[in-house]
Amino acid sequence: MKTPDLKKLTDIPMEDYLVGGHVACQGCSASLGLRLALKVLGKDTVVINGSGCMTLLPVYPTTPLRVPWLHLAIENSGAAGTALYYALRRKNINANILCYAGDGATYDIGLQSLSGAAEKNIDMIYICYNNQSFGNTGHQRASSTPRASYTSTTPVGKVEAAKDMPAIMAAHKIPYIATACPSYPIDFVNKVTKAAEVKGMAYIDLLVPCPVGWGFDPAEGINIGRLAVRTGMWKLYEITDGRFSMSYIPKKRRKVSEYLRAQGRFSHLSDADIGAIQVEVDREWDALEARGYEYELGI
Amino acid sequence: MITGNGAAAWGARLARAEIIPNFPITPQTAIIEEIASWIASGEMDADFLPMESEHSVISALAAASSAGTRVFSATSSQGLLLMTEMMFVTSGLRLPVILVNVSRGLSAPITLWSDHNDVLVQRDSGWLQMFCSNNQEVLDSVVMGYKIAENSEVLLPMMINLDGFTLSATREPVEIPSHDEIDDFLPAYNPKHTILDPKEPMSMGGAVFDEYMYFRSQQRMAMQNSKSVITDVCAEWEKMTGRGWGRGLVEPYCLDDADRALLICGSESAILKYTVDKLRKDGEKVGMLRLRTMRPFPCEEIVDALSDVEEIGVIDQDISPGSGGIIATEVKACLGRGVTSFIAGLGGRRIGVEKYEKIFGRLGRDVEEWIF
């Protein structure tokens, strides 16, 4: 695999395949993620979209997309991507297949279809834009929602922890898995490039802070993403051919309270609640440090 | 001699279907098994995609058709119901997908045997719906189906139904046309309305606001256009093979001088024809009208065929509890008069000649009667 070598923002191609003027919310990191991904994937890309916020990008008779785009339904991006892989091959079209679907469409309703595509190791890039809830319907609980988060269907906070989706993908033994966040654009686009170059299926779990659902000022989206990473509550890592490695290790982790107190969805938490989350995060990072931040998953 | 399932597979092979997403379900499974063996042996050039559910099968059909490939699959019963959401998406995107349904009664209680409730659940999904009466018609309908569905005035998906076990597992003599004949009849599929090629970027499946009703009216128009296309394609097929299957939408049998007639669809029509012949030998002026297409619903053709018939009955191998026989309800609306509605053969319950004779004796009442 060629090592992607983008080092600074100005290295990212200027061309846009998701152009301005679309109807995504102000401060939406999901549309930013798609824009960045398409910049490095380029014009020879076909996008499959699972129903969600991004489905509202093309609104008849307009479209902000300069690459082919197919939306069918919420739960079938894996199946659609599988069929598209074979159909494009029959049509002698050499293009990246990008599935861009939300976390509800990925972790929950679309898991079966995604698992089918992963088991077949279809040569495509699946990016889950993860706002940790059913965002487009107004921020309801998903299995990706972190413990304690308010959603409109967990009015006193979610009891269970989020599903470990990258680990589920790793169990399918696909060659490349990564987590990312548009607040770290160089890290993200390099991962997209790797995902495109890998032969077989690549899965990227992209944390996209959602101003509407999470409750923060739209101008703060990038900062919220940075805080998620710097507090250690969102880890940036890759799993390449079964080998786990951290992409970014904060030198001194910020207190989780900085991240949690900045968002409406955690505003009901007491200092004690936040202390408990800090303990949990510290324990996870201690375990990571003990393993040296890089190891064979052995699955 | 091939089974109905074999005939369906042959239809896909002759039409050179390229992408075959699939999921096993009784009594359909032999169709995809046959295709799998042909692809493995090199007799058929297609990609065989074993999917993880029928929902994924129809999603794969829709995606591959969107990219401009010719696609085929088959399902039954619960599998068809699992596809429901995507049935509407497929017709809304105007994708000429061909899907064979091997009809089977719906659970619960679970049954393996045939009736038509599975097909009729999809009645309003915007798909063309074709019922076959024998195995030859299955093969012919699959090949003709592509020509009808891909016609630029139609561009709608089509479901072709054959009855579980009665046709799917029964061997009948079937004439298999040559590839050369079919290649002349059915040109390659190269759509202009759906393209997933970076050279011509197109956004498909987007949102609409007020235009929604406009798109729905276009679907309705396409369904209306399909009537003459079906008739024309059947006429062309008849010229080539000698088999025209009535006028395409309905098949009249002994109706010219009939004073009593039964309307039916599917393979039961064969036994009903036999009954008509038997009763006619006794001097009874009975006849039959076989419904080939449930969608488009051939109202004008039904009126033409039955306007001079005094007493009409409809055999429904389906039931909409709280309303009645689904086909009878539609026939009444189209004729504007009462018909006797017979609910029979649910879950494959045997009807047989004696019961058909009894049914002919019970016409002339605007009631619903269950034939156990």
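The dialogue below walks through a sheet, a chain contact and a pair of domains in a predicted model.

Biologist: How should I read a sheet in this model, and what is the order of the strands in the open sheet of 10 strands?

Modeller: A sheet is read by following its strands from one edge to the other. Here the order runs E9(A)-E8(A)-E7(A)-E5(A)-E6(A)-E4(A)-E3(A)-E1(A)-E2(A)-E7(B), and the pairing is mixed. Strand E9 (294–296) of chain A and strand E7 (203–204) of chain B stand at the edges, and each has a single partner strand, so one side of each is left without a neighbour in the sheet.

Biologist: In which sense do strand E1 and strand E2 of chain A pair, and over how many bridges?

Modeller: Strand E1 of chain A, residues 45–49, and strand E2 of chain A, residues 69–71, pair in the parallel sense over 3 bridges. As one example, Asn49(A) has His71(A) as its bridge partner in E2(A). Helix H6 of chain A, residues 185–197, packs on the sheet, where it touches strands E3 (96–102), E4 (125–130), E5 (176–180), E6 (202–207) and E7 (237–240) of chain A, and its direction makes about 165° with that of E5(A).

Biologist: Where the sheet passes from chain A to chain B, in which sense do E2(A) and E7(B) pair?

Modeller: E2(A) and E7(B) pair in the parallel sense, over 2 bridges, and Trp69(A) has Ser203(B) as its bridge partner in E7(B).

Biologist: How many residues does the contact take from chain B and from chain A?

Modeller: A contact is read one side at a time. This one takes 34 residues from chain B and 36 residues from chain A. On the side of chain B that touches chain A, at least two residues each come from strand E1 (19–22), strand E2 (47–50), helix H3 (54–66), helix H5 (84–92) and E7 of chain B, and the largest share, 8 residues, comes from H3(B). By class, that side of chain B divides into 18 nonpolar, 10 polar and 6 charged residues.

Biologist: Into which domains is chain B divided?

Modeller: Chain B is divided into domain 1 (4–241) and domain 2 (250–371), and the C-alpha centres of these two domains of chain B lie 27 Å apart. Their contact takes 26 residues from domain 1 of chain B and 20 residues from domain 2 of chain B.

Biologist: Which element gives the most to the side of domain 1 of chain B that touches domain 2 of chain B?

Modeller: H9(B) gives the most, with 5 residues. The elements giving two or more residues to that side include helix H6 (117–121) and strand E5 (128–131) of chain B. By class, this side of domain 1 of chain B has 10 nonpolar, 12 polar and 4 charged residues.

Definitions and conventions:
Residues are numbered from 1 along each chain as its sequence is written. Chains are lettered from A and ligands numbered from 1 in the order in which they are written. This is a predicted model: local features need pLDDT of at least 70, side-chain atom pairs count only at pLDDT 80 or more; totals for chains, interfaces and linings use all residues. Domain bounds come from an automatic or database domain assignment. Two residues are in contact if their C-beta atoms, placed from the backbone, lie within 7 Å. Helices (H or I, at least four residues) and strands (E, at least two) are DSSP runs, numbered from the N terminus. Ala, Val, Leu, Ile, Met, Phe, Trp, Tyr, Cys and Pro count as nonpolar, Asp, Glu, Lys and Arg as charged, and the others, Gly among them, as polar. Two strands pair if DSSP finds at least two bridges between them. Axes are lines fitted to C-alpha atoms, for helices over the stretch in contact, and angles run from 0 to 180 degrees between N-to-C directions.
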